Amino acid sequence: MTDRNIDLFERASRVIPGGVNSPVRAFRAVGGTPRFVQRAQGAYFWDANGQRYIDYIGSWGPMILGHGNPVVLEAVQKAALDGFSFGAPTEREIELAEEILKHVPSMEMVRLVSSGTEAGMSALRLARGATGRSKFIKFEGCYHGHADALLVKAGSGLATFGHPTSAGVPAEVVQHTLVLEYNNIEQLEQAFQLHGKELACVMIEPIAGNMNFVRASVPFMKRCRELCTQYGALLVFDEVMTGFRVALGSAQSIYAKDIAGFKPDVTVLGKVIGGGMPLAAFGGPRDIMSKLAPTGPVYQAGTLSGNPVATACGLTTLKEIAKPGFWNALSARTQSLVDGLSAAATKAGVPFSADCQGGMFGFFLLPELPHNYAKVMTSDGAKFNRLFHGLLDRGVYIAPALYEAGFVSAAHSEADIAQTVEAFAQALIAG
Ligand code: KE4
């Protein structure tokens with residue numbers, strides 16, 4: 001019997017670069033043939049051969065309710081009947097903005113856009129426009145979308161500016177980007193001593209889902225906040241992945257429990273706030289956001305920004321996850337998965353560490369949780385790839401790269417968790 005995934009991948013590769021519309025989907029890191037999704041429902045999707053998988057990617061975060069949630073589906077269908085796109089303001093954009101601001105008190109205003117890249121790029125421009133400064137700090141292992149200035153790897157030494165990670169990005173575009181080691185307070189302090197007054201912002205993933213799952217330590221985050229305040233730089237929280245995924249108040253609400261009065265200056269959101277439709281956002285205090293066109297000099301625009309079908313999907317999703325009991329149930333389900341995987345790894349005698357928050361998790365084939373990118377990359381890639389395929393062959397779909405996070409939805413049942421843990425145990429034994 002032919003494998004339709006192989007046929008489709010060959011056909012796709014003839015007309016779409018690499019056969020995919022986003023590189024990570026091509027399975028380049030893990031090898032093998034990407035699964036072409038035919039349909040999805042709840043915690044599952046079915047591939048082109050009709051094979052069912054328990055889905056722990058969920059579109060890389062957005063599908064927190066699971067696929068095809070009936071309440072969201074009805075809202076999207078109704079919105080579509082009223083019109084796909086107008087290029088004019090709608091009431092539902094106000095409702096979604098108000099709903100976001102209700103749960104993220106550091107934001108007084110928000111601008112809706114269509115992707116996390118657009119939101120991150122615009123947040124950087126806003127920080128530069130608001131401060132009149134060009135330089136900024138990001139951290140190795142954090143990904144903020146593919147805007148030129150953000151496609152940077154660390155320079156040769158501390159406080160040397162970055163080098164492009166992509167062809168097509170001129171060196172002069174990244175000359176203002178300083179790349180530091182995540183969780184390295186000493187480097188952060190030295191960078192501020194050298195460049196503090198020239199820094200527009202520090203941009204950070206508070207829990208780095210692009211390093212699988214690495215938390216910024218509380219002391220490190222406290223120092224980021226203090227130094228930004230001291231030198232007049234903005235603290236930009238990239239919560240595209242963690243926003244409304246790790247907690248209803250996003251990751252910043254978790255740091256606010258440990259750091260009195262903690263707030264970032266600008267927050268970047270995406271994924272969950274669109275519920276799976278193309279929608280992202282960035283926001284902050286009124287005095288900063290008012291710098292944006294048409295009220296201020298920082299230009300930003302978008303034909304499909306605040307799209308009426310996408311806002312219906314996002315707004316309904318946010319209202320569902322705000323319901324009583326949602327987060328306790330989701331957190332418990334995610335913890336149950338992590339505990340099960342840990343127990344299976346221990347039984348198999350495999351080095352393993354894992355962490356989770358809300359509906360987001362990560363695990364490493366390392367004895368201890370890594371705290372920066374260099375440590376994450378000491379993982380045994382070949383072993384991970386064998387594990388990935390062992391799970392895939394057993395109907396469990398995790399991220400096809402060891403540096404990517406995993407996501408549990410409200411639709412994942414305890415039976416799904418048990419099946420996943422059993423598949424994991426079998427895959428580990430198979431080696
Ligand atoms: P998008 O442009 O892909 O919507 O968002 C970019 C982005 C920005 N910030 C963070 C923290 C992100 O995680 C992302 C996108 N995440 C990746 C997964 N690591 C999306 C998957 C992909 O690139 O296909």
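Visitor: Into which domains is the chain divided?
Guide: The model is predicted. One domain is formed by two separate stretches, 4-68 and 324-430, and is named domain 1. The residues 70-321 make up the other, so named in the same assignment: domain 2.

Visitor: What is the area buried between domain 1 and domain 2?
Guide: The centres of domain 1 and domain 2, taken over C-alpha atoms, lie 25 Å apart. Across the boundary, 30 residues of domain 1 are in contact with 30 residues of domain 2. Carbon and sulfur atoms give 60% of the buried area, which totals about 2600 Å².

Visitor: Which three residues supply 24% of the area that domain 1 buries against domain 2?
Guide: No other three residues of domain 1 supply more of this area. They are Trp 327, Gln 357 and Met 360.

Visitor: Which side chains meet in a salt bridge, and at what N to O distance?
Guide: Between domain 1 and domain 2 the count is one salt bridge. A salt bridge requires a side-chain nitrogen of Lys or Arg within 4 Å of a carboxyl oxygen of Asp or Glu. The pair is Arg 215 and Asp 355, at 2.6 Å.

Visitor: Which element gives the most residues to the side of domain 1 that touches domain 2?
Guide: Between the two domains, 14 residue pairs are in polar contact. On the domain 1 side, the elements giving two or more residues are α10 (326-348), β15 (353-357), β16 (360-364) and α11 (373-376). The greatest contribution, five residues, comes from β16.

Visitor: How many residues of the side of domain 1 that touches domain 2 are nonpolar?
Guide: This side also holds eight polar and two charged residues. The nonpolar residues number 20.

How values were computed
Residues numbered from 1 in each chain as written. Predicted model: local features only at pLDDT ≥ 70, side-chain atom pairs only at ≥ 80, totals over all residues. Heavy atoms only, no water. Contact = heavy atoms within 4.5 Å. Buried area = accessible area lost by both parts, 1.4 Å probe. Polar contact = N/O pair within 3.5 Å; in protein donor to acceptor, adjacent residues only side chain to side chain. Helix = DSSP H or I, 4+ residues; strand = E, 2+ residues; numbered from the N terminus. Nonpolar A, V, L, I, M, F, W, Y, C, P; charged D, E, K, R; others polar.
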